[in-house]
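Reader: Hi! I am new to reading protein models and would like a close look at one part of this one. Could you take me through the second largest pocket and then show me how the rest of the chain is arranged around that picture?

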Amino acid sequence: VYGKWEESFYADTRLKGPMKFNDLQEKLRRTKYTFMIPIEKHWATAKWCEMAHYGIIPFMHPMYDTQNNTMLPEFLRVKDSADLFNKIEFLNKNPDEYEKLKLEIMERLTPDMYSGKLMSDLLIGLI
């Protein structure tokens, strides 16, 4: 996990500290999978969009987006670490399935998401 935190957090070796934006972009280009956890139980975030943009398959924690707002394939929701590793192993052994799933996720990114129109329309609908 890359980012900047209080010094005491770095005792956790999974926290790698800050990384320059361009270096992070290069690292993302070489990444195939990620695991998304909710900020709060049941919530979704925009992480799936960021990851899909880079062609990264975003697996979901069981409590991530339980309302299915993201409309991501149910295959991406994992029960536990064994399920996650089994799904990754399946995709690594079946490149056609990997490409099919990656394309299905990427197709959910619409031009309206990039332009801001989708968010604007949603906010105007709340008024």
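Author: Here is a walk through that pocket, followed by its surroundings. Please keep in mind that this is a predicted model.

Let us start with the pocket itself. Its volume is about 550 Å³. A total of 18 residues line the second largest pocket, and those nearest its centre are Trp48, Cys49, Met113, Leu118 and Met119. If you sort the lining by class, you find 11 nonpolar, 5 polar and 2 charged residues.

Which elements supply at least two residues of this lining? They are helix 2, helix 5 (111-115) and helix 6 (117-126). Helix 2 gives the most, with 4 residues.

Now pick out Met113, one of the residues nearest the centre of the second largest pocket. Met113 belongs to helix 5. Is Met113 buried, partly exposed or exposed? Its relative accessibility is 30%, so Met113 counts as partly exposed; the buried class would need a value under 20%. Leaving aside residues up to four places away in sequence, Met113 touches Trp48, Cys49, Arg108 and Leu118. Take Cys49 from that list: Met113 and Cys49 are 64 residues apart in sequence, and their C-alpha atoms are 9.0 Å apart in space. Trp48, Cys49 and Leu118, which Met113 touches, are also among the residues nearest the centre of this pocket.

Helix 2 leads us to another pocket. The largest pocket holds about 850 Å³ of space. It is lined by 23 residues, and the closest to its centre are Val1, Tyr2, Thr34, Lys47 and Met51. Helix 1 (21-29), strand 1 (33-36) and helix 2 (47-53) each give two or more residues to that lining. Helix 2 therefore appears in the list for the largest pocket and in the list for the second largest one. In the largest pocket, though, helix 1 gives the most, with 5 residues. By class, the lining of the largest pocket has 13 nonpolar, 5 polar and 5 charged residues.

Next, look at helix 3 and helix 4. Helix 3 covers residues 81-93 and helix 4 covers residues 95-106; their axes come within 5 Å and cross at roughly 110 degrees. This makes helix 3 roughly perpendicular to helix 4, because angles of 65 to 115 degrees count that way. At their contact, Phe90, Leu91, Asn92 and Lys93 of helix 3 meet Pro95, Glu97, Tyr98 and Leu101 of helix 4. That contact is made up of 5 nonpolar, 1 polar and 2 charged residues.

The loop between strand 2 (57-60) and helix 3 is worth a stop, and Asp65 sits there. Asp65 has a phi near 50 degrees, which is a positive value in a residue other than glycine. Asn68 is found in that loop between strand 2 and helix 3 too, with a positive phi of about 60 degrees although it is not a glycine. How do they compare in accessibility? Asp65 counts as buried at 0% relative accessibility, whereas Asn68, with a relative accessible area of 36%, is partly exposed.

Finally, step back to the whole chain. It has 6 helices and 2 strands, running α-β-α-β-α-α-α-α from the N terminus on. Of its 127 residues, 28% count as buried. Along the principal axes, the C-alpha atoms fill a box of roughly 45 × 40 × 30 Å.

Technical notes
Residues numbered from 1 in each chain as written. Predicted model: local features only at pLDDT ≥ 70, side-chain atom pairs only at ≥ 80, totals over all residues. Heavy atoms only, no water. 1 Å grid on protein atoms, 1.4 Å probe; cavity = no way out; pocket = protein on both sides within 12 Å on 5 of 7 lines; lining within 4 Å. Points joined across faces, edges and corners; volume = space filled by probe spheres on them. Nonpolar A, V, L, I, M, F, W, Y, C, P; charged D, E, K, R; others polar. Axes fitted to C-alpha atoms, helices over the stretch in contact; angles between N-to-C directions. Parallel < 35°, antiparallel > 145°, perpendicular 65-115°, else oblique. Contact = heavy atoms within 4.5 Å. Buried < 20%, exposed > 50% of the residue type's maximum accessible area, 1.4 Å probe, protein only.
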